[in-house]
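Reader: Can you walk me through this model? Keep it quick.

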Amino acid sequence: VMIDLDIIERGTIPAEWLDGMKAYASISDGSQDAWLRICLNRAVLTVQEKADRSLVACTLRVSDEDAMGGVRLYQSVKDIVSVTDGKGVEHEFSQDGRMIYTMTEKAVVTYTTEPVQGDIDSLLMVVYQYATALYDGQDSRTLASILEQCR
């Protein structure tokens with residue numbers, strides 16, 4: 001089964017998260033803020049993907065080549081923007097939680113996500129750990145072990 005998940009738009013990462021990361025990593029100097037922001041952005045996207053929970057609001061698009069059994073949505077679903085077939089034709093659908101059901105073989109579902117404060121509270125330290133590991137140039141094994149906390 002071929003499923004694609006794309007980020008169409010990502011919300012802004014709160015400025016205080018950069019301060020939190022700098023405090024976590026014991027970085028007081030502001031000269032590396034641009035690089036730290038890049039690490040933080042990557043960490044947020046990676047952690048929310050691994051945890052399947054939204055940390056920042058996003059617009060996502062999932063394409064499923066075999067949608068007859070339903071299309072699973074990811075992260076913290078807020079609103080369905082559209083459900084189309086592979087040619088962009090809108091289709092009626094029903095929704096059951098994170099599942100979208102439609103009568104088209106290929107479905108493209110565009111939807112928005114909304115962060116839940118409890119998810120942010122439980123995952124923000126993982127984001128800081130991951131971003132700091134990226135900043136420090138840690139190897140993929142270390143990065144993977146940090147992401148294990150997302151379960």
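Author: Here is a short tour of sheets, helices, core and cysteines.

Author: This is a predicted model, where local features need pLDDT of at least 70, side-chain atom pairs count only at pLDDT 80 or more, and totals for chains, interfaces and linings use all residues. Residues are numbered from 1 along each chain as its sequence is written, and side-chain values use heavy atoms, with hydrogens and water left out.

Reader: Sheets then. What is the strand order in the open sheet of four strands?

Author: The order is β1-β2-β7-β4, with antiparallel pairing. Strands here are DSSP runs of E, at least two residues, and helices are runs of H or I, at least four, both numbered from the N terminus. Two strands pair if DSSP finds at least two bridges between them.

Reader: Which strands stand at the edges?

Author: β1 (3-10) and β4 (77-84) do. Each has a single partner strand, so one side of each is left without a neighbour in the sheet.

Reader: How much are neighbouring strands turned against each other?

Author: By 20° on average, direction ignored. Axes are lines fitted to C-alpha atoms, for helices over the stretch in contact, and angles run from 0 to 180 degrees between N-to-C directions.

Reader: How many bridges does β4 share with β7?

Author: Six, in the antiparallel sense, with β7 covering residues 107-113. Val-83 has Val-109 of β7 as its bridge partner.

Reader: And the sheet of three strands, what order?

Author: β3-β6-β5, an open sheet with antiparallel pairing. β3 (71-72) and β5 (93-96) are at its edges, each with a single partner strand, so each has one side without a neighbour in the sheet. β3 joins β6 (residues 99-102) through two bridges, running antiparallel. Arg-72 has Met-99 of β6 as its bridge partner.

Reader: Change of topic. Which residues touch the most other members in the largest nonpolar core?

Author: Trp-17, Leu-40 and Val-47, out of 39 residues. A nonpolar core is a set of buried Ala, Val, Leu, Ile, Met, Phe, Trp, Tyr and Cys residues joined through side-chain atoms within 4.5 Å. Buried means under 20% relative accessible area, exposed over 50%, partly exposed in between, with a 1.4 Å probe and protein chains only.

Reader: Which elements give two or more residues to this core?

Author: α1 (15-24), α2 (33-51), β2 (58-64), β7, α3 (117-136) and α4 (140-147). The largest share, ten residues, comes from α3.

Reader: What is Val-47 in contact with?

Author: Leaving aside neighbours within four places in sequence, Val-47 is in contact with Leu-55, Leu-123, Val-126, Val-127, Tyr-130, Leu-147 and Cys-150. Contact means heavy atoms within 4.5 Å.

Reader: Helix packing. At what angle do α1 and α2 pack?

Author: About 100°, with axes 10 Å apart. That makes α1 roughly perpendicular to α2. Angles under 35 degrees count as roughly parallel, over 145 as roughly antiparallel, 65 to 115 as roughly perpendicular and the rest as oblique. Trp-17, Leu-18, Met-21 and Lys-22 of α1 are in this contact, with Asp-33, Leu-36, Arg-37, Cys-39, Leu-40 and Val-44 of α2.

Reader: Which residues of α1 are buried?

Author: Trp-17, Leu-18, Gly-20, Met-21 and Lys-22. The buried residues of α1 pack against α2 and α3. After α1 comes Ser-26, with a positive phi near 55°.

Reader: How do α3 and α4 cross?

Author: At roughly 175°, their axes coming within 9 Å. That makes α3 roughly antiparallel to α4. α3 contributes Val-126, Gln-129, Tyr-130, Ala-133 and Leu-134 to the contact, and α4 contributes Leu-143, Ile-146 and Leu-147.

Reader: Loops next. Is Ser-76 buried or exposed?

Author: Ser-76 counts as buried, at 10% relative accessibility. Ser-76 lies in the loop between β3 and β4. Not counting residues up to four places away in sequence, Ser-76 touches Arg-53, Ser-54, Thr-112, Thr-113, Glu-114, Val-116 and Asp-119.

Reader: Where is Pro-14?

Author: In the loop between β1 and α1. Pro-14 counts as partly exposed, at 25% relative accessibility.

Reader: Last one. How many disulfides?

Author: Zero. Cys-39 is in none, and the nearest cysteine sulfur, that of Cys-150, is 17 Å away. A disulfide is a pair of cysteine sulfur atoms within 2.5 Å.

Reader: Why no bond for Cys-58?

Author: The closest cysteine sulfur, in Cys-150, is 15 Å from the sulfur of Cys-58, too far for a bond. Cys-58 is buried, with a relative accessible area of 3%.
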